[in-house]
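Got your viewer open and a selection tool ready? Let's take a walk through this model together, one stop at a time.

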Amino acid sequence: MKRKMSKIYTSCPAWFFIFFMLLHAACPQAEEISSAPDAPVKVIDGDSLEIGISRIRLIGIDAPEYGQYCRNSRNKKYFCGQTAHEYLQN
């Protein structure tokens with residue numbers, strides 16, 4: 001008895017991998033950005049930096065936006081966005 005061969009399908013089409021590789025090649029690498037000694041580093045908020053013309057968002061950090069308010073354990077409002085900004089700046 002002969003077995004019938006079936007086609008093997010992947011969950012992602014080939015164009016997805018080509019697109020991903022082109023996108024990866026077009027994005028600036030961290031080494032390229034940090035190697036610019038003339039570019040000043042500016043803290044935007046608790047999870048974003050600006051180096052020259054490049055804006056960098058830190059992966060794995062979820063911080064409040066600069067103008068955001070939060071409430072502490074006593075239900076008192078405070079500027080948690082400015083606190084996060086200052087913490088990253090330090």
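Each stop below gives you something to select and tells you what to look for.

**Stop 1: colour by confidence**

Start with the whole chain, and keep in mind that this is a predicted model. The protein chain has an average pLDDT of 76, and 59% of the residues reach at least 70. Now pick out two elements: helix H2 (residues 30-34) has the lowest mean pLDDT of the elements, at 58, while strand E4 (residues 70-71) has the highest, at 91. Go easy on the low-scoring parts: where pLDDT is low, the predicted coordinates should not be read in detail.

**Stop 2: the sheet**

Next, show the strands as a cartoon. In what order do the 3 strands of the open sheet come? They run E1-E2-E3, with antiparallel pairing. E1 and E3 are the edge strands, each pairing on one side only. From one strand to the next, the twist averages 25°.

Zoom in on E2 and E3, an antiparallel pair joined by 4 bridges. If you want one of these partnerships to look at, select Ser48, whose bridge partner in E3 is Arg57. Then bring in H3, which lies across E1 and E2 and runs at about 155° to E1.

**Stop 3: Ile44, on strand E1**

Select Ile44, which sits in strand E1. Its relative accessibility is 22%, so Ile44 counts as partly exposed. Leaving out residues up to four places away in sequence, Ile44 touches Leu49, Glu50, Arg55, Tyr66 and His85. Try a distance label too: from C-alpha to C-alpha, Ile44 and Leu88 are 9.4 Å apart, though 44 residues separate them in sequence.

**Stop 4: Asp47, in the loop between E1 and E2**

Move along to Asp47, in the loop that connects strand E1 (41-45) with strand E2 (48-51). Is Asp47 buried or exposed? Its relative accessible area is 0%, so Asp47 is buried. Show the side chains and you'll find a polar contact of 3.4 Å between those of Asp47 and Ser48.

What else is Asp47 in contact with, once neighbours within four places in sequence are set aside? Ile56, Arg57, Leu58, Ile61, Asp62, Ala63 and Leu88 are the ones to highlight.

**Stop 5: Asp62, another aspartate**

Asp62 is one of those contacts of Asp47, so click on it next. You'll find Asp62 in the loop between strand E3 (54-57) and E4. Asp62 has a relative accessible area of 75% and is therefore exposed. Draw a line from Asp62 to Ser48: their C-alpha atoms are separated by 10.0 Å, and the two residues are 14 apart along the chain.

**Stop 6: the disulfide**

Select the cysteines Cys70 and Cys80, which are joined by a disulfide with an S to S distance of 2.0 Å. This pair links distant parts of the chain, 10 residues apart: Cys70 belongs to strand E4 and Cys80 to helix H3 (residues 80-89). The link of Cys70 and Cys80 is right-handed, with 60° about the S-S bond. Cys80 is buried, since its relative accessible area is 5%.

**Stop 7: Asn75, with a positive phi**

Finish at Asn75, in the loop between E4 and strand E5 (77-78). Most residues other than glycine have a negative phi. Asn75 is not a glycine, yet its phi is positive, at about 65°. With 53% relative accessibility, Asn75 counts as exposed.

How values were computed:
Residues numbered from 1 in each chain as written. Predicted model: local features only at pLDDT ≥ 70, side-chain atom pairs only at ≥ 80, totals over all residues. Heavy atoms only, no water. Buried < 20%, exposed > 50% of the residue type's maximum accessible area, 1.4 Å probe, protein only. Polar contact = N/O pair within 3.5 Å; in protein donor to acceptor, adjacent residues only side chain to side chain. Contact = heavy atoms within 4.5 Å. pLDDT = per-residue confidence, 0-100. Disulfide = S-S within 2.5 Å. Pairing = 2+ DSSP bridges. Axes fitted to C-alpha atoms, helices over the stretch in contact; angles between N-to-C directions.
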